[in-house]
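Before this model goes into any further calculation, here are some comments for a colleague who will be looking at the coordinates directly. Please read them with the structure open.

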Amino acid sequence: MINLENNNHSLNITNILSVIKKYGNPIWIYDSKIIANQIQKLKKFDVIRFAQKACSNIHILQFMKNFRIKLDAVSLGEIERALTSNFQSNNDEIIFTADIFDKETLLKIVNYKITVNAGSLDMLKQLGKISPGHKIWIRINPKFGHGHNKKTNTGGENSKHGIWNPMLAIPIIKKYKLQLVGLHMHIGSGVDYQHLQKVCNAMVKQAKLFNQDIKAISAGGGLSIPYKITDIPVDTEHYFKLWNSARNKIQKHFKHPIQLEIEPGRFLVAESGILVAEVYAIKYVQKKRFTLINVGFNDLLRPVLYGSYHHISVISKKLKKIQTNNHIKTIIAGPLCESGDIFTQNEHGELIERELPEIHIGDYIVFHDTGAYGASMSSNYNTRPLIPEILFINNTPKVIRRRQTIEDILKLEIDISE
């Protein structure tokens, strides 16, 4: 995680306090330089396709476009975000990945000639009927999965994602003359190299068994980042070598070049972002110490949804520096009317007391590595407005989402015409 006392990046204490003074808190802060550095680590892949669900702010998408990043969209809203960010629809800069179509999304895809990564046979039939010859990928369920949490496992018999028997897709493809671009396989988040090798082997096996000419394969996403100090960063060189070896075997089978895509989400953006909150109360329940802050799981959902760990730093408002002394066990909790609004819990929902420097009312709590699945998973639960996002570009802060107001929320319900 980022050292907030290091001025070699924009997520330093000087900038954080400056942003808070100007824009208030709570607040999301990102450093574009960190995103650029993460992109460079994957430059050996032919195509880097960002899974924008991880962080879909259009200003971050526009920044990524400067590095020839392409996008994966999983909803009509994400298609619109991609188009608004000036990604082109008819040259594979945007691919739509899903297991179903709704009518409005299907019409948009057909009208804009957006390539589809199909996760079900029904999608192929629905697309083929109204858009014969449409460009497609096939997402294959490799019949096994892997993930840091069972909710992030995207393969195997308990996963809704992908086509279980891709051979059944062949007659549909031929019937509607669909243009098969490639094969996609993704088993879940987190990196285990034994599982990764298994996925690579499965891709080679499926490509040969499917035996329909393709131009590309996708390694999917799931690349992890070190959330804990003890976590080992993913070896992107090794990751590429495993997939490149699989690509070479598929090239040999088809006797022509095969493009290798990768579809990172958290890997590109997680470490670039922090969430800053303020301490409003400290209370004791029996022997447990609760530190209550002004963000809830409506802002940062991962700890409640997955039991995910985020490193926490404490900034003394009085001393204007990072607190490092007098560690005390405490539970970090939010303001929501929910017992589960706890940021220090495990995947079973059990409260975890975190050893943190002594915290006082008015101090700032910094959640590290929240650039992925932070702001993008926020909600208005408890009628709480979305908080602003700030992006540092060349060490200059830019507001990329203003603070939402309660009036903004209520307007959707007040301005209803019959």
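The numbered points below concern a predicted model and take up strand pairing, cysteines and a few individual residues.

1. The strand β6, residues 135-139, is a reasonable place to begin, since it is mostly covered, with four of its five residues buried. On one side β6 is joined by three bridges to strand β5, residues 115-118, and the two run parallel; strand β7, residues 179-184, is joined to β6 by five bridges, again in a parallel arrangement.

2. Within these pairings, Trp-137 can serve as a reference position in β6, because it has a listed partner in each neighbouring strand: Asn-117 stands opposite Trp-137, and Trp-137 in turn stands opposite Gly-182 in β7.

3. The connection from β5 to β6 deserves a look in the viewer, as β5, helix α6 (residues 121-130) and β6 together make a right-handed β-α-β unit.

4. Turning to the cysteines, a search of the whole structure finds zero disulfides. Two cysteines may be set side by side in this context: Cys-200 counts as buried because its relative accessibility is 1%, which falls under the 20% limit, whereas Cys-337 counts as exposed because its relative accessible area of 71% is over the 50% limit.

5. Which side chain of opposite charge is nearest to Asp-341? That is Arg-384, at 6.9 Å, and Asp-341 is buried yet has no salt bridge; the distance explains this, because a salt bridge requires a side-chain nitrogen of Lys or Arg within 4 Å of a carboxyl oxygen. Asp-341 is placed in the loop between β14 (328-333) and β15 (354-356), and its side chain reaches the backbone nitrogen of Leu-336 at 2.8 Å.

6. Gln-323 is found in another loop, the one between β13 (321-322) and β14, and with a relative accessible area of 15% it counts as buried, because that value is under the 20% limit. The C-alpha atom of Gln-323 is separated by 9.5 Å from that of Asp-363, although the two residues are 40 residues apart along the chain.

7. Ile-262, by contrast with the loop residues just discussed, has its place in strand β9, residues 259-262, and is buried, with a relative accessible area of 0%. Ile-262 and Ile-217 are 45 residues apart in sequence, while their C-alpha atoms are 8.7 Å apart in space.

Key. Residues numbered from 1 in each chain as written. Predicted model: local features only at pLDDT ≥ 70, side-chain atom pairs only at ≥ 80, totals over all residues. Heavy atoms only, no water. Buried < 20%, exposed > 50% of the residue type's maximum accessible area, 1.4 Å probe, protein only. Pairing = 2+ DSSP bridges. Right-handed = clockwise from strand over helix to strand, strands pointing away. Disulfide = S-S within 2.5 Å. Lys, Arg positive; Asp, Glu negative; His and termini not counted. Polar contact = N/O pair within 3.5 Å; in protein donor to acceptor, adjacent residues only side chain to side chain.
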